[in-house]
Amino acid sequence: PHARAGGGSLPAELERLARWVGDSSDMKDAAMRLVQLGDGLAAEDGESIPADMREHALKVAGCVSTVRVAVSVGEKRRVSVVGEADARVARGMLALLVRGLAGADAEAVVKVDSEELIGLARLREWLPRGRNDGMTNMVRAVTEATLAAAARDAAQPPPASSSVPAHAAPATEDAGVGGSSGGSTA
């Protein structure tokens, strides 16, 4: 379910949700759909970041509202995004990312194009510039958090119950996300 649809840079579920918002009949309907996503997220998942992820949560810079995100990278490099926002529209934008990226591959998450997402959801047509900038900054924060989570997970030794002996593991491991396998970063 997280394959890319339509050849864009968005995982399929994120693209589906963005299109659902963007296919609204008017600005009011689009706003209601986005708010509905956010309200559903708050009702189902609660409004806070779990204690074990709080240490790594990022405050999203450049948002009109206060928004925080945290990312974990689990088995098979599948991503889980959680977050909190103090405004309903921001919570709706966050919900697009939380739901749309749930279970997506970390490599796909870091390639999400915020402009494509904003375009599919038609956010520029009805949200002020500051809110659109906020979505761009949320995508940037999720990317940064995904890279950091992938690096933390790659640095963790395998569990003691692992069937692969520690001496059989490669000497250097590529984190895989972002395409860098060492050396300096610019």
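Here is a short chat between a visitor and a guide about a predicted model.

Visitor: Let's start with the sheet. What is the order of its strands?
Guide: This one is an open sheet of 3 strands with antiparallel pairing. The edge strands, each pairing on one side only, are β1 (58-59) and β3. The order is therefore, with strands pairing through backbone hydrogen bonds either parallel or antiparallel as a general rule, the one listed here: β1-β2-β3.

Visitor: How many bridges join β2 to β3?
Guide: On its other side, β2 pairs with β1 in the antiparallel sense over 2 bridges, and Lys59 has Arg68 as its bridge partner there. β2 and β3 also run antiparallel, and Val67 has Ala85 as its bridge partner in β3. The number of bridges joining β2 to β3 is 7.

Visitor: Which residue takes a positive phi in the hairpin of β2 and β3?
Guide: That hairpin has 5 residues between the strands. The positive phi there is near 55°, and the residue that takes it is Lys76.

Visitor: Is β3 enclosed or open, and how many of its residues are buried?
Guide: β3 has 7 residues, and buried here means under 20% relative accessible area. The strand is largely enclosed by the rest of the structure, because the number of buried residues is 6 of the 7.

Visitor: Which helix packs on the sheet, touching β2 and β3?
Guide: The helix in question makes an angle of about 170° with the direction of β3. It is mostly covered, with 11 of its 14 residues buried, including Arg91, Gly92 and Met93. The helix is α4.

Visitor: What does α4 reach from its first C-alpha to its last?
Guide: α4 has 14 residues, and at 1.5 Å a residue the expected value is 20 Å. The reach in the model is close to that, at 20 Å.

Visitor: Which residue takes a positive phi just after α4?
Guide: The phi there is about 80°. The residue is Gly103.

Visitor: What about the loop between β3 and α4: is Ala87 buried or exposed?
Guide: Ala87 lies in that loop. Leaving aside neighbours within four places in sequence, Ala87 is in contact with Ser65 and Arg131. Its C-alpha is 9.1 Å from that of Val64, 23 residues apart in sequence. With a relative accessible area of 17%, against a cut-off of under 20%, Ala87 counts as buried.

Visitor: Which residues touch the most other members of the largest nonpolar core?
Guide: The core holds 46 residues. The elements giving it two or more residues include α1 (12-22), α2 (27-45), β2 (67-73), β3 (79-85) and α7. In soluble globular proteins, nonpolar side chains tend to be buried together. The residues touching the most other members are Val67, Leu97, Leu123, Met135 and Met138.

Visitor: Pick Leu123. What is it in contact with, leaving aside neighbours within four places in sequence?
Guide: Leu123 is one of the residues that touch the most other core members. Its contacts beyond those neighbours are Leu34, Met93, Ile118, Asn132 and Met135.

Visitor: Last one: which backbone oxygen does the side chain of Thr146 reach?
Guide: Thr146 sits in helix α7 (residues 129-155) and counts as buried because its relative accessibility is 0%. Not counting residues up to four places away in sequence, Thr146 touches Val71, Val73, Val79, Ala106, Val109 and Val110. At 2.7 Å, the side chain of Thr146 reaches the backbone oxygen of Val142.

Technical notes: Residues are numbered from 1 along each chain as its sequence is written. This is a predicted model: local features need pLDDT of at least 70, side-chain atom pairs count only at pLDDT 80 or more; totals for chains, interfaces and linings use all residues. Side-chain values use heavy atoms; hydrogens and water are left out. Helices (H or I, at least four residues) and strands (E, at least two) are DSSP runs, numbered from the N terminus. Buried means under 20% relative accessible area, exposed over 50%, partly exposed in between (1.4 Å probe, protein chains only). A polar contact is a pair of N or O atoms within 3.5 Å; within protein, one must be able to donate a hydrogen and the other to accept it, and residues adjacent in sequence count only if both atoms are side-chain atoms. Contact means heavy atoms within 4.5 Å. A nonpolar core is a set of buried Ala, Val, Leu, Ile, Met, Phe, Trp, Tyr and Cys residues joined through side-chain atoms within 4.5 Å. Two strands pair if DSSP finds at least two bridges between them. Axes are lines fitted to C-alpha atoms, for helices over the stretch in contact, and angles run from 0 to 180 degrees between N-to-C directions. The expected span of a helix is 1.5 Å times one less than its number of residues.
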